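Hi everyone, thanks for coming. Please have a look at the screen, and then I'll walk you through what I found.

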Amino acid sequence: MDAAVRLPGRFSRHTLLIATAAAVPLTSWAAHALTLHKRLAATRKDPLTGLLRRDAYTARARRLLARHGDRMTVLMVDADHFKTVNDSLGHAAGDAVLTAFGTRLTAWAGPHAAVGRLGGDEFAVVLDLAPGRRAQRLEQLVRMLHTPVVLDDGRTVDVAASVGAATPDILGTRDLTALQRAADAALYAGKHSGRAVVATAAHATTPSINGRRVGRPGTAVWGRAA
């Protein structure tokens, strides 16, 4: 063996071979772990938008509310006239709109928020939003969600969304279900108005089924809404 690569002391070529052989299963294990991680991520994220699925969103949202309390804001977001987009332009166009909304919500909320797609054209966000900036930031979000979406074929789709917000400092609770129920009621109070509505105590008393406003799609069947 060349002096420059001679193994010192008790180490030998045989020792090196054993170490190399031992590293093979470790490499294989690392690849397996990466595969498992990707599969786990796939179960946590919506494949279309890349947002958190309902269960993963709920878990993260509850952690944020528990840690940061009254600074948090809970948002419910519905795409307006989404069925019309699907019916007139096709499901590919509808998917493009949902993907664009997911991208915009993520960009607006930032990396530390919980952003989820609860199903269909319904989204939810929990983020740290200082009360003094709340109105300005919500106006910014509404503008983003009203920006037309350009499809791959060059067509432009006019889009809009309704936004309801609920906050622990106004409603006196950090319970995610209660805050989402109030935000949902506020959303429908301002439906198609072009502005975000912040829930008051009156919105928190809106009748609900399984934590969602009575009459909302999906509440007719118990257990379908979170």
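Let me start with a question: how far does helix α7 reach from its first C-alpha to its last? The helix covers residues 176-189, which is 14 residues, and it reaches 20 Å, close to the 20 Å expected at 1.5 Å a residue. Please keep in mind that this is a predicted model.

Let's stay with that helix for a moment. Is α7 enclosed or open? It is largely enclosed by the rest of the structure, because 11 of its 14 residues are buried. Among them are Leu176, Leu179 and Leu187, several alanines including Ala182 and Ala183, and also Gln180, Arg181 and Asp184. At the start of α7, you can find aspartate 175, where a side-chain oxygen comes to within 3.3 Å of the backbone nitrogen of threonine 177.

Now let's step back to the whole protein. It has eight helices and nine strands. Of its 226 residues, 39% are buried. If you take the contacts between residues at least 6 apart in sequence, 63% of them join residues at least 24 apart. The accessible surface is about 12,400 Å², and carbon and sulfur atoms account for 58% of that.

Next, please find strand β6, residues 161-166. How many of its residues are buried? Six of the six, so we can call β6 mostly covered. On one side you have Ala161, Val163 and Ala165, on the other Ser162, Gly164 and Ala166, and all of these are buried.

And what does β6 pair with? One partner is β1, residues 72-79, with six bridges in the antiparallel sense. To see this on the screen, look at valine 74, whose bridge partner in β6 is alanine 166. Another partner is β7, residues 196-198, and here the sense is parallel, over three bridges. In that pairing, alanine 165 has valine 198 as its bridge partner.

Let's finish with charges. A search of the whole structure turns up seven salt bridges. I'll show you some of them.

Aspartate 46 and arginine 117 form one, with the closest N and O atoms 3.2 Å apart. This pair links distant parts of the chain, 71 residues apart: aspartate 46 is in the loop between α1 and α2, and arginine 117 is in strand β2. Are these two residues buried or exposed? Aspartate 46 has a relative accessible area of 11%, so it counts as buried, and arginine 117, at 17%, is buried too.

Another salt bridge brings together the side chains of arginine 71 and aspartate 128, at 2.9 Å from N to O. This is again a link between distant parts of the chain, since arginine 71 lies in the loop between α2 and β1 and aspartate 128 in strand β3, 57 residues apart. Here arginine 71 is partly exposed, with a relative accessible area of 43%, and aspartate 128 is partly exposed as well, at 37%.

For a pair within one helix, go to α3, residues 82-89, where aspartate 87 and lysine 83 sit four residues apart, about one turn of the helix. Their side chains meet in a salt bridge at 2.7 Å, N to O. An α-helix has 3.6 residues a turn, so residues three or four places apart point the same way. Both aspartate 87 and lysine 83 are exposed. Finally, Asp78, Asp80 and Lys191 are joined into one network by salt bridges that share partners.

That's my tour, thank you for listening!

Notes: Residues numbered from 1 in each chain as written. Predicted model: local features only at pLDDT ≥ 70, side-chain atom pairs only at ≥ 80, totals over all residues. Heavy atoms only, no water. Buried < 20%, exposed > 50% of the residue type's maximum accessible area, 1.4 Å probe, protein only. Helix = DSSP H or I, 4+ residues; strand = E, 2+ residues; numbered from the N terminus. Pairing = 2+ DSSP bridges. Contact = heavy atoms within 4.5 Å. Areas by Shrake-Rupley, 256 points an atom, 1.4 Å probe, with all protein chains shown as cover. Expected span 1.5 Å × (residues − 1). Polar contact = N/O pair within 3.5 Å; in protein donor to acceptor, adjacent residues only side chain to side chain. Salt bridge = Lys/Arg side-chain N within 4 Å of Asp/Glu carboxyl O.
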